[in-house]
Amino acid sequence: AHRDIGRFLGASIHDVAQVVGAGFPVSPETGDTATIVKLMRVALLLPVVLLISMGAARFARGDMDGAARVTPLPAFLVVFVILAGANGMGVVPAWMATALGEASRWLLVMSVAALGIKTSARDLIAAGHTAVVMVAAETLFIAVFVLAWIELGG
């Protein structure tokens with residue numbers, strides 16, 4: 001049950017800090033599972049963004065007289081892949097990985113606090129009902145998709 005809750009939280013919540021904040025109060029296993037699932041979603045951003053960039057460049061080529069404009073990949077994705085690869089290959093010393101892991105936990109706590117401070121119901125209302133409906137529809141779609149994945153995928 002904790003694993004399924006973690007899978008649901010990690011796959012359906014949009015922000016890493018919110019996933020951590022939602023998962024660990026349930027249990028350490030739920031928090032770990034939710035965090036891993038969310039980080040896998042983040043890792044999949046790179047190939048998805050790359051495919052979209054390539055498709056956009058190919059589509060734009062027709063409008064630009066043969067000159068292809070390639071949309072650059074976001075720097076955070078490139079840095080994420082480099083750091084994950086370095087850590088996975090054992091290039092990062094254990095003491096540094098521990099220190100960076102501790103710093104990461106504190107930064108996540110600070111980002112959750114900053115999100116809470118920055119969130120304003122007035123700004124949400126000012127965005128209009130269309131934006132609220134779109135976010136709600138997307139969240140519902142993802143929730144149903146993830147529940148189906150958990151139920152059908154085991």
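In which helix is the place of Thr35? I looked this residue up before the others, bearing in mind that the model is a predicted one.

**Entry 1: Thr35 and Thr33**

I found Thr35 in helix H3. Its relative accessible area is 18%, and I therefore recorded Thr35 as buried, the limit being under 20%. I then listed its contacts, leaving out residues up to four places away in sequence: Thr35 touches Val19, Val20 and Phe24.

I turned to Thr33, which also lies in helix H3, a helix that covers residues 28-61. Is Thr33 buried or exposed? Thr33 counts as buried, with a relative accessibility of 17%. With residues up to four places away in sequence again set aside, Thr33 touches Arg3, Gly6 and Arg7. I also checked Thr33 against Val20: 13 residues separate the two in sequence, and their C-alpha atoms are 9.8 Å apart in space.

**Entry 2: Arg7**

Arg7, one of the residues touched by Thr33, was the next subject. I located Arg7 in helix H1, which spans residues 2-12. Arg7 counts as buried, at 6% relative accessibility.

Over the ring of which residue does the charged end of Arg7 sit? I found that ring to be the one of Trp149, with the charged end 4.4 Å from the ring centre. I also looked up Arg7 and Leu147, which are 140 residues apart along the chain; their C-alpha atoms are separated by 9.2 Å.

**Entry 3: the aromatic pair**

How many aromatic pairs does a search of the whole structure find? The search gives one. The pair consists of Phe141 and Phe145, whose ring centres are 6.2 Å apart and whose planes stand at 25°, so I entered the pair as stacked. The reasoning rests on the cut-off for stacking, which is planes under 30 degrees apart.

Both residues belong to helix H7, which runs over residues 129-153. Phe141 and Phe145 are separated by about one helical turn because they are four residues apart in this helix. I noted Phe141 as exposed, at a relative accessible area of 57%. Phe145 likewise counts as exposed, at 56% relative accessibility.

**Entry 4: helices H2 and H5**

Two packed helices are described by the angle between their axes and the distance between the axes. I looked up both values for helix H2, residues 16-23, and helix H5, residues 94-118: the axes come within 9 Å and cross at roughly 100°. The crossing angle makes H2 roughly perpendicular to H5, because angles of 65 to 115 degrees are described in this way.

Which residues of H2 meet H5? I listed Val16, Ala17, Gln18 and Val20 on the H2 side, and these meet Leu108, Ser111, Val112 and Leu115 of H5. By type, the residues of this contact comprise six nonpolar and two polar, with no charged residue. Val20 also appeared in my first entry, as a residue touched by Thr35.

**Entry 5: Arg105**

I closed with Arg105, whose place is in helix H5. What is the relative accessible area of Arg105? The value is 47%, and Arg105 is therefore partly exposed. I compared its position with that of Ala75: the two residues are 30 residues apart along the chain, and 22 Å separates their C-alpha atoms.

Methods:
Residues numbered from 1 in each chain as written. Predicted model: local features only at pLDDT ≥ 70, side-chain atom pairs only at ≥ 80, totals over all residues. Heavy atoms only, no water. Phe/Tyr/Trp six-rings, centres within 6.5 Å; stacked < 30°, edge-to-face > 60°. Helix = DSSP H or I, 4+ residues; strand = E, 2+ residues; numbered from the N terminus. Buried < 20%, exposed > 50% of the residue type's maximum accessible area, 1.4 Å probe, protein only. Lys NZ or Arg CZ within 6 Å of the ring centre and 35° of its normal. Axes fitted to C-alpha atoms, helices over the stretch in contact; angles between N-to-C directions. Parallel < 35°, antiparallel > 145°, perpendicular 65-115°, else oblique. Contact = heavy atoms within 4.5 Å. Nonpolar A, V, L, I, M, F, W, Y, C, P; charged D, E, K, R; others polar.
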